[in-house]
Amino acid sequence: MARTRGLEGDRRRKALPWLLLAPTALFVGALTILPLGYSVVTSFREFPLGQAPAFVGLQNYRNLIGDANFLSSLETTLVFTIAATGLEFVLGLGLALLLKQEFSFQGIIRSSLIIPMAIAPVVVGIIWRLLYNADVGLFSFAAQALTGHSVSVLSSTTMALPALILVDVWEWTPFMFLLLLAGIQSLPHEPFEAARVDGASAWNIFLHLTMPMLRPVIVVALLIRALDAFTVFDQVFVLTQGGPGTATEVATLMVYKTAFRFSQFGYAASMAVALLVLVMFFSAAITRAFRASV
Amino acid sequence: MPRLTSSTQRRLWFGIRVILIALALIITLLPVYWMVNTSLKTQVEVFTSPPTLWPENPTLSNYINLFVRRHLGAYLLNSVIIVGSAVVLSLIIGSLAAYSLARFAKAGLQDKVNFWVLAPRMIPPVALVVPMFLILQQLGLINRKLGLILVYTAFNLPFVALMMRSFFQEIPVDLEEAAMVDGASRLRSIREIVLPLASPGLVATSIFSLIVTFNEFFFALILTSTPVAATLPVGTAALIGKTQTLYGEMAAAGVVAAVPLVIFALLVQRHLVRGLTMGAVK
């Protein structure tokens, strides 16, 4: 039997949803939204050594636009993001198609493919340091066997960035694979059966049925991966520290160095704000483009 | 070219599939195996050419050195304390929010709340790191466990709220309402009906938060530095500079940091896709 509601009980019932939300809002507000605002404030400041921070207006942003190092780090980041995300998508889709039908050992295969994702990026860096290393690495041993001279992949200006992309592809292709596999397996059977009855080729079914129906999953997968790749830091920090020279200096690493090696907090904050704006702009553009083409 | 009969064609395709899958497995597992292999070798054997495919005189000396000489135990303990606290805190706080979102929010509000819960998650860490450092410095929380616990809790919250909401939504409202009609208070119906049904979700969500937080490096690197508070990834990265060519120790540190997490990830496999997309794909 329902209890009679007093006026006070009614008020309490109305407040309950908000009371439950409040602690989360407080935490996220204090430790995400507030720092974000403070980031913008910091980007208008300069931090001279031993003195109080000074307001410098748009000076940091003006410097940023003309900063060749920043622009080149953006370019490096963009190359890294597009190459890594693209390769991961193609390989992940291929794997998902290979493994979509029931298969013996499917469980074990799936589990094995998950392993790279669970390993901390720092450890992934260590793994590939061991492989790339010129003295003890498997890669240099193979290169020596094939070409006759040892190669130090990570200290080559031309090979360091592709080497980092390969590391990212190794770690995150399983992510694309898992998402696309889940997407493929959740598609309805009827359209595919109908197409097969009508005699459509496997390629046509893939192109005109699978891909369009998978689109929402593809958008989510690409967005998540691209956003993560755009702010890659850990593996680069462990493997190359941005070198040789600035060949692998991605944007996040540059912000890190500017703030915590050179103590230019204001300038670093302006870079971070610029990156945030770019990220928001690109994710909005990608989402809209895909929505429009559905 | 002779036309292939459909059965040979099928067998050929099957063969290609097996080879490609085997290749994917080798590429995935060989690097990991190589780290384990290196961690069990002596310093001399690490430098043998050609490299040995398995340790000829397997030794645990690399692991022992890490704990005796390189504070790995302290880093590990810091990680356990920081990650444990942050996961428990965010799970309690985030589940309250998730319940509220799942049960009370109307469709229109739901969309708005979705945005406000999801938006903080989309902010790249790099946009927060400078102000976070300056704020925690003011509060005297740099290189303190508490600082990182607070930061990690805040980062986990949007994820926990979204994940738990999707688990709560799968529990029929009717069950709860029936209990309340029978006179149970909302609190009691949550405790006796919702929580038991949501417990697999709670476990999956906490393991996910645990993996992400345990592996986090960027903020840990900036906010902690010494064995007083630094986490395992930071300690491991610091090792690389200190050990120079002691690749065996480097590998052993990697194994210590990786093994528990791989086990945890395999435990939540079933929910992996949902976790990776924060409930966007099930």
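This section describes the folds of chains A and B, the interface between them, the domains of chain B and selected local features of a predicted model.

Chain A comprises 12 helices and 2 strands. Read from the N terminus, the order of elements in chain A is α-β-β-α-α-α-α-α-α-α-α-α-α-α. Its radius of gyration is 25 Å, well over the 19 Å that the globule rule gives for 294 residues, so chain A is more spread out than a compact globule. Along the principal axes, the C-alpha atoms of chain A occupy a box of roughly 85 × 75 × 35 Å.

In chain B, the secondary structure amounts to 13 helices and 0 strands. The pattern along the sequence of chain B is accordingly written α-α-α-α-α-α-α-α-α-α-α-α-α. The radius of gyration of chain B is 24 Å, and the globule rule gives 19 Å for 282 residues; the value for the chain is well over that figure, so chain B is likewise described as more spread out than a compact globule. The box filled by the C-alpha atoms of chain B, again taken along the principal axes, is roughly 75 × 75 × 35 Å.

The interface between the two chains was examined next. Chain B contributes 86 residues to the contact and chain A contributes 77 residues. Together the chains bury about 7200 Å², with 83% of this area on carbon and sulfur atoms. On the side of chain B, the residues B:R17, B:V126 and B:V130 supply 8% of the area buried against chain A, which is more than any other three residues. No salt bridge spans the interface, the count between chain B and chain A being 0. Polar contacts do occur between the chains, with 9 residue pairs counted in which both residues have pLDDT 80 or more. Helix α1 of chain B (residues 6-39) provides 17 residues, the largest share of the side of chain B that touches chain A. Classified by residue type, this side of chain B has 69 nonpolar, 13 polar and 4 charged residues.

Within chain B, the domain assignment yields domain 1 (7-62) and domain 2 (72-271). The centres of these two domains of chain B, taken over C-alpha atoms, are separated by 33 Å. Their contact involves 8 residues from domain 1 of chain B and 10 residues from domain 2 of chain B. The area buried between the two domains is about 700 Å², of which 77% lies on carbon and sulfur atoms. On the domain 1 side, B:M35, B:Q43 and B:N62 lose the most area to domain 2 of chain B and together account for 57% of what that side buries. Between domain 1 and domain 2 of chain B, the salt bridge count is 0. The number of residue pairs in polar contact across this domain interface, with both residues at pLDDT 80 or more, is also 0. The elements giving two or more residues to the domain 1 side are α1 and α2 (43-46) of chain B. Of these, α1(B) supplies the largest share, 4 residues. The domain 1 side divides into 4 nonpolar and 4 polar residues, with no charged residue.

Two features of backbone geometry were noted. In chain A, the peptide bond joining A:G243 and A:P244 is cis, with omega of about -5 degrees. Residue A:P244 is located in the loop between α10 (234-239) and α11 (251-260) of chain A. In chain B, B:H71 has phi near 60 degrees, a positive value in a residue other than glycine. This residue, B:H71, lies in the loop between α3 (61-69) and α4 (72-103) of chain B.

Charge pairing was considered last. Side chains of opposite charge can pair when their charged atoms come close. Over all chains, a search of the whole structure finds 7 salt bridges. A:E88 and A:R225 form a salt bridge in which the closest N and O atoms are 2.9 Å apart. A:E88 belongs to helix α3 (residues 68-98) of chain A and A:R225 to helix α9 (residues 202-230) of chain A, so this pair ties together parts that are 137 residues apart in sequence.

How values were computed: Residues numbered from 1 in each chain as written. Chains lettered and ligands numbered in written order. Predicted model: local features only at pLDDT ≥ 70, side-chain atom pairs only at ≥ 80, totals over all residues. Heavy atoms only, no water. Contact = heavy atoms within 4.5 Å. Buried area = accessible area lost by both parts, 1.4 Å probe. Salt bridge = Lys/Arg side-chain N within 4 Å of Asp/Glu carboxyl O. Polar contact = N/O pair within 3.5 Å; in protein donor to acceptor, adjacent residues only side chain to side chain. Nonpolar A, V, L, I, M, F, W, Y, C, P; charged D, E, K, R; others polar. Domains from an automatic or database assignment. Rg over C-alpha atoms; globule rule 2.2 N^0.38 Å.
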